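I am opening a notebook on a structure that is new to me. I will write down what I looked up, beginning with the surroundings of the DNA.

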Protein chains: 2
Amino acid sequence: MAHRQAQRRSSIHDVASRAGVSAATVSKVLAGVTTVKPENAQRVFDAVEHLGYRVDPLASDMRRAKRRIIGAIMPEFESEFFGQMVSELEGLAEQRGYTLVAASSRESEAREKEVLARMHDWRVAGVVLAPVRNEHGPAAGFMKANGMTGVLIDRVLADDAFDTVSADSAAASAEVARELIGKGHRHILVIGLGQQAATVRARLDGFRAKALELVPDVRIDVVLSESEVEPLRALLHDYFDKGAKRGERPTAVYSLFLKGTLVALSEFRRRGWHCPDDISLVGFDDAEWMQVTWPAIAAVVQPVRQIAAQAMDVLFARIDGGDGPPKARLEPCKVLMRESVGSPGSGPHSGGGNRQ
Amino acid sequence: MAHRQAQRRSSIHDVASRAGVSAATVSKVLAGVTTVKPENAQRVFDAVEHLGYRVDPLASDMRRAKRRIIGAIMPEFESEFFGQMVSELEGLAEQRGYTLVAASSRESEAREKEVLARMHDWRVAGVVLAPVRNEHGPAAGFMKANGMTGVLIDRVLADDAFDTVSADSAAASAEVARELIGKGHRHILVIGLGQQAATVRARLDGFRAKALELVPDVRIDVVLSESEVEPLRALLHDYFDKGAKRGERPTAVYSLFLKGTLVALSEFRRRGWHCPDDISLVGFDDAEWMQVTWPAIAAVVQPVRQIAAQAMDVLFARIDGGDGPPKARLEPCKVLMRESVGSPGSGPHSGGGNRQ
DNA sequence: GGTAATCGATAAATCGATTTTTCGCAGTTG
DNA sequence: CAACTGCGAAAAATCGATTTATCGATTACC
């Protein structure tokens, strides 16, 4: 009864011999095949129960071309967005009897491809890929070249080989524009990451189009950092410095991605500006902390659950042999206007300055 | 050249026949065995190159008892802490040629055991388990009963069957006590989650011991929610209401876990209290946003990388047959005292009230 | 020169399932 | 009574590697 060795687990043959049938019969019973005598089926169930037998998924997968494994590749695991995404995907895979193997590409396209190649080695049934850059990266190319089935999510718009699912960021951005214009903002800075060309463009265009539609002479400045987040800090600093020389400053900032929101807040801190008195702020992507800070930060909430659910639906449809041209799906976002957005010039400190 | 079907990948036999040798020889060459004629080895390498052959990890694992798979079970994926942890673990596993399969127990002990059982089905070589509650949960019991090798991290202190690695939260809490006492705080509220008994106790005791040592008549109140975070909101609300009736209020709050810090901030908002003027705040567990808000939130930073590295080192030592009694490792934290901590009574609004 | 040891490589067993093929037996039919 | 049909289950092939046992040819030793 004391500490036992790691006794080797019982295999299907152990069950077979205990039930007095062949391994093939055990396999059939467990697969729910009905052409087995009820009496034998019962004996199998008893043996399974007694031995605590469980199918070895690895051995089980050996003989199928498509294994019961889904690969998920995310740019990173540290943010709430991708954390929730992996969590959702894992649950959905599990529901269908699949195992999810998640890997982080660490925001590197090179690594993304390596990780994907490893998934291919595992002969996964399908892949959910959230590309680092966009749908035209090397990983998607690899998937095409090797006939893998997969679905692209998040930083994608549409693709001619794979289904895509992403947040409708253009619509959300238009909504943000409507809100900011409605509050009276006529000079707005948009910050983003140039790397994610397509997504950034969609968000930017959606914002700009709606803003110009509402107020044709609205001024929209854009500060983009190519691929890294850090340079954005310097770019933003310069932007405000130059503006200060000319005595002009935007009354609102719209950040197209989460880290940008942090950079903006950090820059505001440095200059002693407060939201929304000195400047307004809206960020794409929500986070739990944004509602407890003072001010609470306005944000676009991405529909993580819906994206995950759609992605898995579409993916399994393909795995099960569904064909037809790939579709691009857009899931609607919610825009939460919190305290960080106000009307320009209405705050007590609209001139900026040093509030301690 | 156009879109090809998912042609079946070449197996070791394809390589063998192309190189004009047997599959066994190919296997040996790839495993680095030296008793192969250099000429044949070269032919194998050429064939591998030409066919783009890669070992199928699943088939490769079939014949060994311990498979090249490491399981990681985390309470959740949404927080920075566990996100970073999974990311680190994945990298470390990969470095050793292992695949990491991560799963979330969703803060449920029942699910934790199910997930672990599934890992066992996969016959993983080892498991990194961050238990929902502590080292005495059902999952750890399951691991013992089945002779699995594993390491417990985060919400654990020590165990008689498994190695453990966690942050030295007692020392960090003592450090927090020193800081708060040093700033003049004599009435401090500590909030936490009762579920994680051992960890909470360590943090609480470490804090209380140091505080009492420095100032014997310091007042330390404690508000614990049993297992859920939501009740803490109500408990905290009541606590402050009751204090207000008696005209007393702590000058600082120390939250023993991340969500508690959010709940505290949320409660402060509601009452119109500002940090650090009206009340000081320190939280266990750091997050990226804490340094960009105003005020920046003081926090205990857990050494995620070190914990992950230690956990993997210890785990692989066991996998490679190392024995001896299990060890409990503690990794030192860093305490970042940011603006949310000040001296009591020094702020312009120390009477509390409604600042808008 | 004959037996033994050595070397390199191959055939075969193995891992634990699934799937296809074969087989025995009972009941029907011509 | 021989041939046929069906059913349920066992035997065997398969998946793609690793590992053990075996084998033939060469070298070594007495």
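**Entry one: the DNA strands.** I looked first at DNA strand D and found that H2(B) gives the most to the surface near it, with six residues; helices (H or I, at least four residues) and strands (E, at least two) are DSSP runs, numbered from the N terminus. Before going further I noted that this is a predicted model, in which local features need pLDDT of at least 70 and side-chain atom pairs count only at pLDDT 80 or more, while totals for chains, interfaces and linings use all residues. Residues are numbered from 1 along each chain as its sequence is written, and chains are lettered from A and ligands numbered from 1 in the order in which they are written.

I then listed the 26 residues that surround DNA strand D, of which the closest are A:Ser22, A:Lys37, B:Ser11, B:Ala24 and B:Ser27; a residue is near a strand if its C-beta atom, placed from the backbone, lies within 6 Å of it. The elements giving two or more residues to this surface are H2 of chain A together with H2 and helix H4 (57–62) of chain B. I sorted the surface near DNA strand D into twelve nonpolar, seven polar and seven charged residues, where Ala, Val, Leu, Ile, Met, Phe, Trp, Tyr, Cys and Pro count as nonpolar, Asp, Glu, Lys and Arg as charged, and the others, Gly among them, as polar.

For DNA strand C I also found 26 surrounding residues, the closest being A:Ser11, A:Ala24, A:Ser27, A:Met62 and B:Lys37. Here H2(A) supplies the largest share of the surface, six residues.

**Entry two: the two chains.** I asked how many residues of chain A are in contact with chain B. I found 39 residues of chain A in contact with 39 residues of chain B, contact meaning that the C-beta atoms of two residues, placed from the backbone, lie within 7 Å. On the side of chain A that touches chain B, the largest share, six residues, comes from H5(A), and by class that side has 17 nonpolar, ten polar and twelve charged residues.

**Entry three: helix packing.** In chain B, I saw that helix H5 (residues 80–95) and helix H12 (residues 304–319) pack at an angle of about 40°, with their axes 9 Å apart. That angle makes H5(B) oblique to H12(B), because angles under 35 degrees count as roughly parallel, over 145 as roughly antiparallel, 65 to 115 as roughly perpendicular and the rest as oblique. The residues making the contact include B:Phe81 and B:Leu92 of H5(B) and B:Val304 and B:Met312 of H12(B), and its classes are eight nonpolar, one polar and two charged.

In chain A, I found that the axes of helix H1 (residues 12–19) and helix H3 (residues 38–51) come within 9 Å and cross at roughly 125°, so H1(A) is oblique to H3(A). Among the residues in this contact are A:Val15 of H1(A) and A:Val44 of H3(A).

**Entry four: strands of chain B.** I traced strand S9 (residues 280–284), which runs parallel to strand S10 (residues 298–301) and is joined to S10(B) by three bridges; strands pair if DSSP finds at least two bridges between them. S10(B) is in turn joined by three bridges to strand S12 (residues 334–336), and these two run antiparallel. I noted that B:Val300 of S10(B) is the bridge partner of B:Phe284, and that B:Val300 has B:Val335 as its bridge partner in S12(B).

Technical notes:
Axes fitted to C-alpha atoms, helices over the stretch in contact; angles between N-to-C directions.
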